[in-house]
Amino acid sequence: MTAEAANAAEAAQAAVDVVALGESMVTFLPSRAGRLADVPSFDRGIGGAESNVACALAAAGHRTRWVSRVGADGFGDHLVEAIARYGVDTRCVGRDPHRPTGIYFRTADDRDTDAHEVLYYRAGSAASAMAPRSVDREALDAGRILHLSGITAALSADCLALLRELTAPRPGRPLVSFDVNYRPGLWSGAASESPRVLLDLARGADLVFVGEDEAADAWGVTGGPDAIRAALPEPATLVVKQGSGGATVYTEGEPAVFQAALKVDVVAPVGAGDAFAAGFLSATLRGLTADQRLRHGHLMAAAALTVPGDLATPPAREHTDRLAALDAEAWGTLRLGPGWTDGVPVNTEAKEEART
């Protein structure tokens with residue numbers, strides 16, 4: 001057995017809290033605002049919905065593993081090394097000598113505006129070749145939670161087959177977390193199939209994250225969180241993200257719970273959805289209540305919103321717990337800005353607006 005195979009076998013047996021499967025790419029962030037044609041230089045970073053969740057959870061003190069494939073190239077080296085520096089186990093990331101690591105460029109503008117541009121170079125990437133036969137199932141099933149997203153399903157027919165297997169009932173299956181992450185541009189020729197595919201995958205998961213806007217765009221479901229729950233009753237836990245308004249969680253056998261989002265001085269909106277999922281999963285692993293899970297999601301999202309890249313250093317657990325324990329009035333007046341994760345919350349029990 002080679003050293004690489006021995007490491008993979010050892011990693012597969014090691015229990016972790018969360019295993020995240022999906023493509024990560026090298027991302028190039030502009031040095032200033034403006035059209036991509038006018039930006040003179042870019043800073044290199046990393047980006048990938050599932051690896052973002054793994055990194056945020058590892059930084060928050062959880063044991064995490066990222067399972068994927070990258071090219072046998074410098075960008076693949078950078079991804080594996082950068083994600084490992086967050087404390088994520090990357091020993092089960094395969095290297096593909098025939099396919100490249102995906103990369104993408106984006107503008108500094110809000111992705112919800114017409115000025116926002118994103119250029120992906122991921123067609124035929126190493127990660128798009130993931131398939132049921134090429135991924136170590138023991139490594140995937142070793143976690144308490146297996147986190148997936150709809151992005152992977154759009155990469156290739158093999159990737160979709162893998163997600164179908166992972167969301168199907170099977171002995172010893174961990175709790176399956178699925179973020180819908182509807183990206184119409186990724187589906188290209190299969191766009192007409194994407195709503196049904198994503199709905200089928202979500203129905204097979206135990207915990208689902210979906211935005212109100214995604215449910216409307218993908219499934220034509222409007223009418224708020226209750227309408228989305230009616231269309232998706234199967235998951236034991238359904239989290240409906242309502243943008244800047246907040247989020248609602250439906251837990252089997254319990255009444256729905258809503259928690260308002262925080263007031264945040266936004267630096268960049270990218271990465272907030274992944275951070276929210278990480279915060280919610282962290283609180284789930286700790287056995288916290290539904291309202292506390294939502295609040296931890298909002299706090300982790302606020303950390304991502306107040307930095308320019310996809311990933312932010314989360315606040316210390318004691319700091320987060322203190323903020324999450326605020327009464328409703330103090331929570332409603334709390335406002336967070338850049339740098340808030342660096343220190344201790346100031347006057348968090350005051351009724352007036354607090355800025356940390």
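# A tour from helix 11 to strand 13

Helix 11 passes helix 12 in a right-handed crossing. The model is a predicted one.

**Stop 1: the helix pair**

Select residues 272-285 for helix 11 and residues 290-305 for helix 12. Their axes come within 7 Å and cross at roughly 145°. Now show side chains. On the helix 11 side the contact is made by Ala272, Ala275, Phe276, Ala278, Gly279, Phe280, Ala283 and Thr284. Helix 12 contributes Gln292, Arg293, Leu294, His296, Gly297, His298, Met300, Ala301, Ala304 and Leu305. Coloured by class, this contact has 11 nonpolar, six polar and one charged residues.

**Stop 2: the four-stranded sheet**

Next, select strand 2 (25-30) and strand 3, then strand 7 (residues 103-106) and strand 8 (residues 118-121). These four strands make an open sheet with mixed pairing, in the order 3-2-7-8. Strand 3 (42-47) and strand 8 each have a single partner strand, so one side of each has no neighbour in the sheet. From one strand to the next the twist averages 20°.

Add helix 3 (residues 74-85), which packs on the sheet and touches strand 2, strand 3 and strand 7. The direction of helix 3 makes about 65° with that of strand 3.

Look at the strand pairs in turn. Strands of a sheet pair through backbone hydrogen bonds, either parallel or antiparallel. Strand 2 pairs with strand 7 in the parallel sense, over three bridges. Thr27 has Tyr104 of strand 7 as its bridge partner. Strand 7 and strand 8 pair in the antiparallel sense, over four bridges. Within strand 8, Tyr121 is the bridge partner of Ile103, and Val118 stands opposite Arg106.

**Stop 3: aromatic rings**

Seven aromatic pairs are present in the structure. Which class does the pair of Tyr104 and Tyr120 fall into? The ring centres are 5.1 Å apart and the planes stand at 35°, so this pair is tilted; a tilted pair is neither under 30 degrees, as stacked rings are, nor over 60, as edge-to-face rings are. Tyr104 lies in strand 7 and Tyr120 in strand 8, 16 residues apart.

Are these two tyrosines buried or exposed? Tyr104 is buried, with a relative accessible area of 7%. Tyr120, at 41% relative accessibility, counts as partly exposed.

Now select Phe209 and Phe276, an edge-to-face pair with 6.4 Å centre to centre and 90° between the planes. Phe209 sits in strand 11 (residues 207-211) and Phe276 in helix 11, 67 residues apart. Both phenylalanines are buried. Phe276 also belongs to the contact of helix 11 with helix 12 from the opening stop.

Finish with the rings of Phe28, Phe42, Phe75, Phe105 and Tyr121, which form one aromatic cluster.

**Stop 4: Gly246**

Select Gly246 in strand 13 (residues 246-251). With 2% relative accessibility, Gly246 counts as buried. What is Gly246 in contact with, leaving aside its neighbours within four places in sequence? The list is Val240, Lys241, Phe258, Gln259, Ala260, Ala261 and His298. Of these, His298 is also one of the helix 12 residues in the contact with helix 11. For a last distance, pick the C-alpha atoms of Gly246 and Arg295: the two residues are 49 apart in sequence and 9.4 Å apart in space.

How values were computed
Residues are numbered from 1 along each chain as its sequence is written. This is a predicted model: local features need pLDDT of at least 70, side-chain atom pairs count only at pLDDT 80 or more; totals for chains, interfaces and linings use all residues. Side-chain values use heavy atoms; hydrogens and water are left out. Axes are lines fitted to C-alpha atoms, for helices over the stretch in contact, and angles run from 0 to 180 degrees between N-to-C directions. Helices (H or I, at least four residues) and strands (E, at least two) are DSSP runs, numbered from the N terminus. A crossing is left-handed if the near helix is turned anticlockwise from the far one by less than a right angle, and right-handed if clockwise. Contact means heavy atoms within 4.5 Å. Ala, Val, Leu, Ile, Met, Phe, Trp, Tyr, Cys and Pro count as nonpolar, Asp, Glu, Lys and Arg as charged, and the others, Gly among them, as polar. Rings of Phe, Tyr and Trp (its six-membered ring) pair if their centres lie within 6.5 Å; planes under 30 degrees apart count as stacked, over 60 as edge-to-face and the rest as tilted. Buried means under 20% relative accessible area, exposed over 50%, partly exposed in between (1.4 Å probe, protein chains only). Two strands pair if DSSP finds at least two bridges between them.
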